[in-house]
Amino acid sequence: MKIKIRQAKNEDIPKILLIEEIAWGKEKSASKEMIESRIKTFPGGALVAESNKEIIGVVFTERVDYDFNNSAFTWYEITDNGFIKNSHKADGRVVYGVDLSVMPSYQHLGVGTQLLEGIGKLAIRYNVKYGMLGGRLPLYYKYANKMTVEEYINAVTDTEKGHRSLDPEIDFYKKSGLKIIKAIPNYFKDPESLDYGVLLLWENPFYNKYYRWLAAKLFKV
C-alpha cells in the first residue's frame, strides 16, 4: 500500500475529526476548533497520511523554545491546551509533536512511523536541532503496583523474537529511532498511563549552527 504524507487542509477537518475520535475517544480527542487553530497557526506543521485519496492518519506540530534544564511541563501547557495559538513560536528551536493519530485498522502498516518521519523532515526543513514529543504509557496501570514508572520504561521481557519492552508504545518509539529521555508526571489526563507521559527526542543530524547564526543575522529569526 502506497502512503503519501502531505500538508493538511481545512477541507480535511471532518475526516481528521473522525480519526481523532476513533483513536482517542470523545473525551480526549481534539475538537474542531483546536484543529482549525492548529492548521491556521502552523499550516506547514500539520500533516496527514493518505492512501488511495483516503486520510488514514494525522500529526500536528508546533515550534517551541524548550528549556532542557527545566523539563517539567504538561501537554496542556506546552500546546496552549491543544490550540497552539499562544504556544507556537515561528522561530522556535524545537519541533514538538502535539498530536499523532492513526486509524486503528492501518496501524500495522507503519503509518505512525511515516508520520514521525514527517516530524523529522520538518526539523530538517526548518533547521532546528530537535524533534520532540511526549508519548503515552498505556499499559503502565497493569504494573504500577510492581514497579516505578522509570523501571517500567526500562523493563524488557523475553519473547520468541527477542527482547521486547513491556509496553508496545515504548517498542514503537525505540524502533522509530526516538531517544527516551524521562518520564513526565501529570503530563496528560490518561488513566491507562496514570497520567504519565514519556519525553522523546530526535536529534537532527543535519542541523547547521552556522546557518542558524546567519539566518538570525540576515532575517532576524
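A residue is called buried when its relative accessible area is under 20%, exposed when that value is over 50%, and partly exposed in between. The exercises below concern a predicted model.

**Exercise 1. Classify D171 and its salt-bridge partner R164 as buried, partly exposed or exposed.**

Solution.
1. D171 has a relative accessible area of 7%. Because this value falls under the 20% cut-off, D171 is buried.
2. R164 has a relative accessibility of 33%. This places R164 between the two cut-offs, so the residue counts as partly exposed.
3. The side chains of these two residues meet in a salt bridge, with an N to O distance of 3.4 Å. The pair therefore joins a partly exposed arginine to a buried aspartate.

**Exercise 2. Determine which parts of the chain are tied together by the salt bridge between R136 and D190.**

Solution.
1. The contact itself is a salt bridge of 2.8 Å, taken from N to O.
2. R136 is located in the loop between β5 (130-135) and α5 (149-154). D190 is located in the loop between β8 (179-184) and β9 (197-203).
3. The pair therefore ties together parts that lie 54 residues apart in sequence.
4. As for accessibility, R136 and D190 are both buried.

**Exercise 3. Identify a further acidic partner of R136, and describe its setting.**

Solution.
1. The side chain of E192 also meets R136 in a salt bridge, at 2.7 Å from N to O.
2. E192 belongs to the loop between β8 and β9, and R136 to the loop between β5 and α5; this pair links distant parts of the chain, 56 residues apart.
3. E192 has 36% relative accessibility and so counts as partly exposed.

**Exercise 4. State how many salt bridges the structure holds, and name the residues that shared partners join into one network.**

Solution.
1. The structure holds nine salt bridges. Among them are R164 with D171, R136 with D190 and E192 with R136.
2. Through shared partners, K28, R136, D190 and E192 are joined into one network.

**Exercise 5. Decide whether the overall dimensions of the chain agree with or depart from those of a compact globule.**

Solution.
1. For 221 residues, a compact globule would have a radius of gyration near 17 Å.
2. The chain has 17 Å, which agrees with that expectation.
3. Along the principal axes, the C-alpha atoms fill a box of roughly 55 × 40 × 30 Å.
4. The chain contains seven helices and nine strands, and 48% of its residues are buried.

Conventions:
Residues numbered from 1 in each chain as written. Predicted model: local features only at pLDDT ≥ 70, side-chain atom pairs only at ≥ 80, totals over all residues. Heavy atoms only, no water. Helix = DSSP H or I, 4+ residues; strand = E, 2+ residues; numbered from the N terminus. Rg over C-alpha atoms; globule rule 2.2 N^0.38 Å. Buried < 20%, exposed > 50% of the residue type's maximum accessible area, 1.4 Å probe, protein only. Salt bridge = Lys/Arg side-chain N within 4 Å of Asp/Glu carboxyl O.
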